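Colleague: Could you walk me through this model before I go back to the bench? I would like to start with how you decide that strands belong together.

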Amino acid sequence: MNLYTKNIGKTFSGVNVLREVNFNVEPGEVHALVGENGAGKSTFVKILSGVYTPTEGEIFLDEKKIQIASPIAAQKNGISLIHQEPQSFSHLSVAENIFMGHMDGSNFSRVKWNDINQSSEKILSSIGLEINPKNIMEGLSIADQQMIEIAGALSKNSKILIMDEPTSPLTPNEVGKLFDIVNQLKKQGMAIIFISHRLEEIRAIADRVTIFRDGDLIATKKINEITNDEIIKFMIGRNIEEIDVIENDYLKKNETILSVNNISQPGNFKNISFDLKKGEILGFAGLVGAGRTEIAKTIFGAENYVEGEITYKGNIILNKSPNEAIHKGFGYVPEDRKQMGIFGSVAVEDNITSAIPNDISNNFGLINTKTVTEKSSEYIDKFDIALTSGRQLIQELSGGNQQKCIISKWLLSKPSILILDEPTRGVDVGVKSEMYEIINQLANMGTAIILISSELPEILSLSHRIIVMREGQITKILDSKDASQETIMKFAIS
Amino acid sequence: MNIFDKFLRIRELGIFSIIIIVVVIASSIDSRFLTVDSWRAVFLAIPLILVMAMGQMMVIICRHVDISIGSILAFAAIIIGFIFIHYPGTPLWLALLITASVGMIMGLVNGIIVTHFNVHSIIVTLGTLSLYRGLVFIVSGGRQIDRNDIPVHIISFSQTSFFFSIPAILIFSAIIVLITHVLMRHSVLGREIYATGSNPEAAHLKGINITKVTLFCFGVCGMLAGIAGLFYASRFGYVNPGVTGVGIEFIVIAGVIIGGTSITGGSGSVLGTFLGILLLGIINVALPVLNIPGAFQKAIYGLIIVLALSLDQLIIFRVKKLRESSNA
């Protein structure tokens, strides 16, 4: 079946995340979608698979206009989505996982076990999976679960398969097997939409590639008519005005404060080594899932590592818990602000002073509310945090103001090392530039800063050095003067 | 797969072993435990609990819990009690229909609040536990239904027999258990209940109407609690607003969990639940037979429940290890 879209657009609470997408996929074709995080490709496939409804535009299937109001409607039209993380029923059998939702008969009719077991066996062996359909799903590998999802799509006679980063949880060997099956399905006339961050994979499997950027479809090209460099250029787009990186006096002294030597965490990162100097802003670039957040959490004592060592101020240390790390002089502004950064139903003042319990309490461990107000108001004034009073609940503040509170919290504890994980996510442009100023000031005072950000312009305009990561490993450490969006992307994707 | 291996795959193995252990220990202390009389006592005590456990099991498999069942039982019992006072000739089938309907409505109310207002089922049913009990007092005006209010043909339901010497109430319960087994194990809806509990998000994406599935489970759970209300009136011969069904939810839930139903949803079986309830019934009968002083019985009962749960997990874990090593 030939699927095409005409001027598809999507707006979320006033924000235009997808604009005028004209896209088509043909039977017997693998069509790759690429783009940075947030470029709109996920939103687009969610529209095709019925998770979102488009705010504008039309979708046609074989020249016939269709409405995809729900995942079920998509499936009825022959469109199936294979999730990045397989959606399995671990307690049920393989055959039930394949046929759940479209078994023969009404509610109270008997499940035709023989039929579904036999059909499952047939479908599974057609994609080369030798597995007893009566086996319980629990304990099967991610790769097998993914195959079973594909088998589910085949059992519904799907004609269009959307695969959302199917290779990211797989081993290289498993990727090879998956590609064999994708090629086989392609020969049988299936239309396949394939999302991946790995350009070499796209080159190996896709016939055409479509590049998304900032909610726009930038280009659709035959894979053999475009180079990797061109794809990357399309993904990044025009050059954004860059602020210059600011040097400071501390940096000239070249004092190493933290030295990470060859640490690994199975499944997340491997052989990570780097030094951090006083007054330095060390940027961490890479795609989501490259292992940056896990490294930050490990240094902060929230997660464990299996080998290697961390040296801090000349001594080998092991942070067993965040509490220990805070006492040693570490601070961490987490990526997920709501979940991990704030105590939503607690007052702003108490949030700001929550990392320094000893400074605000007397000998009996009772909190002195006057000290709390004094300490917090210093930063509320300094950062111009907009609120009605210090007793206001932090959850009532805007994202940008919440972030200022979190940074205030760590400034009060006077950390030697501050880890910032996506510090400007979801804050507006004004707050962003204020935040940049604060970060630079901190470095100027000698604080060593680890900055994790998915926004390349942000990394480029703040970091003295940039560590680029891909799939758990450091692929390059760049000096600020050698770094550009193109070089970073090259090492982040390759 | 050899027979031994197949045997080890049975989830109910743990609970079955525990039942054997308890029976062996009890009968070696006092051989009176092995008499027909004590087993008769066990099987007379369990129908009421067993019927409620079938519904509770379905609710727990779809990731919820209903702790209001004791009050639903009492409300259905009080309603049917007053009907008996005014219409002593009400036939058994009609009484069953009335208590089932009353219970089902109350169960559905729980389900609707859970699904449509998105409140956690523990909170909802904790509330209705009290609400429904309150309705029992309001409707009855605090008055107890006495033995002479309940017609003879209802009393005899739990005492006489039409098949060997098995009481009718036990046969009726066995039918409910069998129907539940077929429903859960072999019907499309039954498998959808497991799927919903195993992974609600995935179930929704596969086109299962999880609201409908959840409502069905709560409806059946309430219905069976209502029927248990009639069983109560028949077996004990009275209905007291402040006593009937109080605390029964703990026994039912404990039995379901001991029987291997996962509290996090998605797994559990009718056979396991039956064995769980049977174990509780055996302990209940064994304690007095073994001359354990009344003051200690409740504590020992609770202790055995905790031990059984731990032991079951241990056995499951060991068997899993054994299976893995035999596979390797």
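Modeller: Two strands count as paired if DSSP finds at least two bridges between them. Please keep in mind throughout that this is a predicted model.

Colleague: Fine, so how many bridges join β9 to β10 in chain A?

Modeller: There are six bridges between strand β9(A), residues 208-213, and strand β10(A), residues 216-222, and the two strands run antiparallel. As one example of the register, Arg208(A) lies opposite Lys222(A) of β10(A).

Colleague: And what sits between the strands of that hairpin?

Modeller: Two residues lie between the strands of the β9(A) and β10(A) hairpin, and Asp214(A) there adopts a positive phi near 50 degrees.

Colleague: Let me step back a bit. How many helices and strands does chain A have?

Modeller: Chain A contains 19 helices and 20 strands, and its C-alpha trace extends over about 75 × 55 × 45 Å along the principal axes.

Colleague: What radius of gyration does chain A have, against what a compact globule would have?

Modeller: A compact globule of 494 residues would have a radius of gyration near 23 Å, and the 26 Å of chain A agrees with that.

Colleague: Now the sheets. What is the strand order in the open sheet of four strands?

Modeller: In chain A the order is β12-β11-β14-β15, and the pairing is antiparallel. The edges are taken by β12(A), residues 269-277, and β15(A), residues 315-317; each has a single partner strand, so one side of each lacks a neighbour in the sheet. From one strand to the next, the twist averages 25 degrees.

Colleague: How many bridges hold β14 and β15 of chain A together?

Modeller: Strand β14(A), residues 307-312, pairs with β15(A) over three bridges in the antiparallel sense, and within β15(A) it is Ile317(A) that serves as the bridge partner of Ile310(A).

Colleague: And the open sheet of six strands, what is its pairing?

Modeller: The pairing in that sheet is mixed, with the chain A strands in the order β16-β17-β18-β13-β19-β20. Here β16(A), residues 330-333, and β20(A), residues 473-479, stand at the edges, and because each has a single partner strand, one side of each is left without a neighbour in the sheet. On average, neighbouring strands of this sheet are turned by 15 degrees against each other, with direction ignored.

Colleague: Which strand partners β20 of chain A, then?

Modeller: Strand β19(A), residues 465-470, is joined to β20(A) by six bridges, and the two run antiparallel; Val468(A), for instance, is opposite Lys476(A) of β20(A).

Colleague: Switching to helices, at what angle do α4 and α5 of chain A cross?

Modeller: The axes of α4(A), residues 113-126, and α5(A), residues 142-155, come within 10 Å and cross at roughly 115 degrees, and the two helices are therefore roughly perpendicular to each other. The crossing of α4(A) past α5(A) is right-handed.

Colleague: Which residues make the contact?

Modeller: From α4(A) they are Ser119(A), Ser120(A), Ile123(A) and Leu124(A), and from α5(A) they are Ala151(A), Leu154(A) and Ser155(A). By class, this contact of α4(A) with α5(A) has four nonpolar and three polar residues, and no charged ones.

Colleague: Last topic, the two chains: how many residues does each give to the contact?

Modeller: Chain B gives 17 residues and chain A gives 20. On the side of chain B that touches chain A, the elements giving two or more residues are α9(B), residues 188-198, and α10(B), residues 200-205, with the largest share, six residues, coming from α9(B). The residues on that side of chain B divide into seven nonpolar, seven polar and three charged.

Technical notes
Residues are numbered from 1 along each chain as its sequence is written. Chains are lettered from A and ligands numbered from 1 in the order in which they are written. This is a predicted model: local features need pLDDT of at least 70, side-chain atom pairs count only at pLDDT 80 or more; totals for chains, interfaces and linings use all residues. Axes are lines fitted to C-alpha atoms, for helices over the stretch in contact, and angles run from 0 to 180 degrees between N-to-C directions. Angles under 35 degrees count as roughly parallel, over 145 as roughly antiparallel, 65 to 115 as roughly perpendicular and the rest as oblique. A crossing is left-handed if the near helix is turned anticlockwise from the far one by less than a right angle, and right-handed if clockwise. Two residues are in contact if their C-beta atoms, placed from the backbone, lie within 7 Å. Ala, Val, Leu, Ile, Met, Phe, Trp, Tyr, Cys and Pro count as nonpolar, Asp, Glu, Lys and Arg as charged, and the others, Gly among them, as polar. The radius of gyration is taken over C-alpha atoms; the globule rule is 2.2 Å times the number of residues to the power 0.38.
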